[in-house]
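Please find below my comments on the model you sent. I have kept them to a few numbered points, and they are best read with the coordinates open.

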Amino acid sequence: MPFLGQDWRSPGQSWVKTADGWKRFLDEKSGSFVSDLSSYCNKEVYNKENLFNTLNYDVAAKKRKKDMLNSKTKTQYFHQEKWIYVHKGSTKERHGYCTLGEAFNRLDFSTAILDSRRFNYVVRLLELIAKSQLTSLSGIAQKNFMNILEKVVLKVLEDQQNIRLIRELLQTLYTSLCTLVQRVGKSVLVGNINMWVYRMETILHWQQQLNNIQITRPAFKGLTFTDLPLCLQLNIMQRLSDGRDLVSLGQAAPDLHVLSEDRLLWKKLCQYHFSERQIRKRLILSDKGQLDWKKMYFKLVRCYPRKEQYGDTLQLCKHCHILSWKGTDHPCTANNPESCSVSLSPQDFINLFKF
């Protein structure tokens, strides 16, 4: 190292033989070291920030996946296949058995309610589950049940159709939940009790919304139902399968009230839903000595179940034991799969999972 007063040179540099030159040399070297140190620190901070952001992204992604299954989820848990293999015992190929909750999750009920042919079927199935099978559903299945029910209510509020049907469903569900919540600790409702109390409050809110519906008369100036010939009006009324619908239709206009009291109309309705033996046990005579078919119908409804009629149903393949909606492709090995399919009523669907 050169002493003060010596000539010191380095490639590309020359310094004077003074203390000022030596001071400048030290300042430049220390400045370069500080700059390198500062650059290294900034790089470390940048890497730590990137690592922190990556961790935050991973945590957020996991949280989003978890939120898909929590109680606030508004979409049904979907599976790729829209069918399910129904097996009631373990075999070499399959272990365990199929449950009602598993079938409820796998079958596409959210889409089915948008189909007018399947709507009544799904509503009836929801009602049967609400009556006695709610506790047999898994946690995810119970969430799907409430989410599908919400979609049904929103559809009715928008379309202003099937109002009475959904009122009865909500009342059945609310009655069942009141019994289950009071027996807290003994029932198997999945989730916190406060969550089910909140759901009961939601049901009451839905009932209030249905009660406040004001059906608006469409601005239609063409041909109306009362403009049709009487024979056509009567023919259309004969296609109604619920006596309450006939009563409601008769309240719309005086002329329709006369048609809704037709004895032949109520006789056919009784004969459609009930057997001759059931009818003979519930005979009611009018003041004129004739059979009062209208009173007999409502008395028979209280004593016997009505015949159920649906535009589309779930089907069970007897060959491969696969449950699916009609028209859904499933891996069946039968030569003629359509001949192996059997339509299931909502009660048949429930009975399929009773062991």
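The points that follow concern a predicted model, and they go from one strand and its partners to the nonpolar cores and then to a loop residue and a helix pair.

1. I would begin with strand β5 (residues 322-325), which is covered on both faces, since Ile322 and Ser324 on one side and Leu323 and Trp325 on the other are all buried. As a general background to this pattern, side chains in a regular strand alternate between the two faces of the sheet.

2. The pairing of β5 deserves a look on both partners. Strand β3 (residues 83-85) runs antiparallel to β5 and is joined to it by three bridges, with Trp83 having Ser324 as its bridge partner. Strand β4 (residues 314-317) is likewise antiparallel to β5 and joined to it by three bridges, and here Leu314 stands opposite Trp325. In the hairpin of β4 and β5, four residues lie between the strands, and His321 takes a positive phi near 60 degrees.

3. Which residues touch the most other members of the largest nonpolar core? They are Leu134, Phe145, Leu323 and Phe349, in a core of 53 residues, to which helix α4 (residues 116-133) gives the most, with nine residues. A second, separate core has 15 residues, among them Phe274, Ile284, Met296 and Tyr304.

4. Leu323 links the strand and core descriptions, being one of the buried residues of β5 and one of the four that touch the most other members of the largest core. Leaving aside residues up to four places away in sequence, Leu323 touches Trp83, Ile84, Val86, Leu107, Leu314, Gln315, Leu316, Leu344, Phe349, Leu352 and Phe353.

5. Is Asp242 buried or exposed? Its relative accessible area is 9%, and because the cut-off for buried is under 20%, Asp242 counts as buried. Asp242 is placed in the loop between α8 (230-237) and α9 (243-250), and, not counting residues up to four places away in sequence, it touches Arg164, Leu269, Tyr297 and Arg306.

6. Finally, α9 packs with helix α11 (residues 263-273) at an angle of about 160 degrees, their axes being 11 Å apart. Angles over 145 degrees count as roughly antiparallel, and α9 and α11 are therefore roughly antiparallel to each other. The crossing of α9 past α11 is right-handed, and the contact is made by Gly243, Leu246 and Val247 of α9 together with Leu265, Trp266 and Leu269 of α11. Leu269, which takes part in this helix contact, is also one of the residues that Asp242 touches.

Terms used. Residues are numbered from 1 along each chain as its sequence is written. This is a predicted model: local features need pLDDT of at least 70, side-chain atom pairs count only at pLDDT 80 or more; totals for chains, interfaces and linings use all residues. Side-chain values use heavy atoms; hydrogens and water are left out. Buried means under 20% relative accessible area, exposed over 50%, partly exposed in between (1.4 Å probe, protein chains only). Helices (H or I, at least four residues) and strands (E, at least two) are DSSP runs, numbered from the N terminus. Two strands pair if DSSP finds at least two bridges between them. A nonpolar core is a set of buried Ala, Val, Leu, Ile, Met, Phe, Trp, Tyr and Cys residues joined through side-chain atoms within 4.5 Å. Contact means heavy atoms within 4.5 Å. Axes are lines fitted to C-alpha atoms, for helices over the stretch in contact, and angles run from 0 to 180 degrees between N-to-C directions. Angles under 35 degrees count as roughly parallel, over 145 as roughly antiparallel, 65 to 115 as roughly perpendicular and the rest as oblique. A crossing is left-handed if the near helix is turned anticlockwise from the far one by less than a right angle, and right-handed if clockwise.
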